[in-house]
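Here are my comments on the model you sent, set out as numbered points. Please read them with the structure open beside you.

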Amino acid sequence: MTEPLPADSLAAPGIPRSPAVVFTADFTSTTQWVAGRSWAYPGGGPINPRDDKLDHLVADAAYSRSGVFRARRRQDGRWNTGLLTTEGSEEGFTVRAGDVLEARVRLPKEIGAWPAIWTWRDGDQEIDIFEYHPDNPDLLEFTNHVRGTNRYHRDREIRPGAWVDLRTEFGIRSVNWSLNGRRVFTDGRGVGRTWHAYLIVNLSVCAGRYHPAPPPGTTEMSYEVSHLLVRRPATLDTPTGATAEADEHEPTADTSAHRTTSTPQEDAAPP
């Protein structure tokens, strides 16, 4: 949902204005989100086995529209899974360079669950706000696929079933991730001045190549996003899809599929 800037929100001279909220997720909205289809999946879906996923995307509102993203085992061995994206929606919202995304998430408990909030456009432009696998119970993955950086972050506050507050700053020269109010990764690479991409929120199911598949007795799994919003500094408020000249640091896209095989950096421990 796009929110107009209040008339009285102009800051006094010399005092920076707080970033305006330009998007507040309403997962029930059919103008804001498209359910069960994404061009991050071959042909728009519904399956993506090459990315080690057992997903079979479904548009059923019970799998995503409440903010609880669900997966249920099918008789053919795949899993019906929930996915929402702004790509192809009536509003067509895109995150832009300079934006700040905030979300509150309840992590799943079931082995094989693969929740994520991420961005995508035209086969790349992927920034992973987070990915999680309960077989690595204390670890979140943060990745800038646009410029090839990532962090595996371990923390005592990360655990199956825990609520976590996430904040990602899509900086021109650095993407910064915060967890529960503390900055935990500054990549020093950024996204470039003209970057923009659609949002995806989903729950995938691992097929077993990189992380364990669900055990036979597991038939359902879920995680929850209780809120998600995007703020935009006024100084970077340019038209959506802007095609202004790129700065000298314009990103080189990583066209690899959405996956978790990137190399950990600095003091991060591999999962």
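1. This is a predicted model, and the protein chain has an average pLDDT of 86, with 80% of the residues scoring at least 70. Two stretches call for caution: over residues 1-16 the pLDDT stays under 50, and the model gives this stretch 16 contacts beyond four places in sequence, while over residues 236-270 the pLDDT also stays under 50, with 88 such contacts in the model.

2. Turning to the interior, the largest nonpolar core comprises 49 residues, among which V105, I117, F130 and L228 touch the most other members. A second core, separate from this one, is made up of eight residues, including A40, Y41, L83 and I200.

3. F130 deserves its own paragraph. Once its neighbours within four places in sequence are set aside, F130 is in contact with V105, L107, P115, A116, I117, L140, E141, F142, L166 and Y223. F130 also belongs to a cluster linked by ring pairs, together with F23, F27, W33, F69, F93 and Y223.

4. The model contains 10 aromatic pairs in total. In one of them, the ring centres of W118 and W120 lie 6.0 Å apart and the ring planes stand at 75 degrees, which is why the pair is classed as edge-to-face; W118 and W120 are both buried.

5. Two placements of a charged side chain over a ring may also interest you. The charged end of K53 sits over the ring of W114, at 5.0 Å from the ring centre, and R72 lies over the face of Y63, 5.2 Å from the centre of that ring.

Notes: Residues numbered from 1 in each chain as written. Heavy atoms only, no water. Phe/Tyr/Trp six-rings, centres within 6.5 Å; stacked < 30°, edge-to-face > 60°. Buried < 20%, exposed > 50% of the residue type's maximum accessible area, 1.4 Å probe, protein only. Lys NZ or Arg CZ within 6 Å of the ring centre and 35° of its normal. Core = buried A, V, L, I, M, F, W, Y, C linked by side-chain atoms within 4.5 Å. Contact = heavy atoms within 4.5 Å. pLDDT = per-residue confidence, 0-100.
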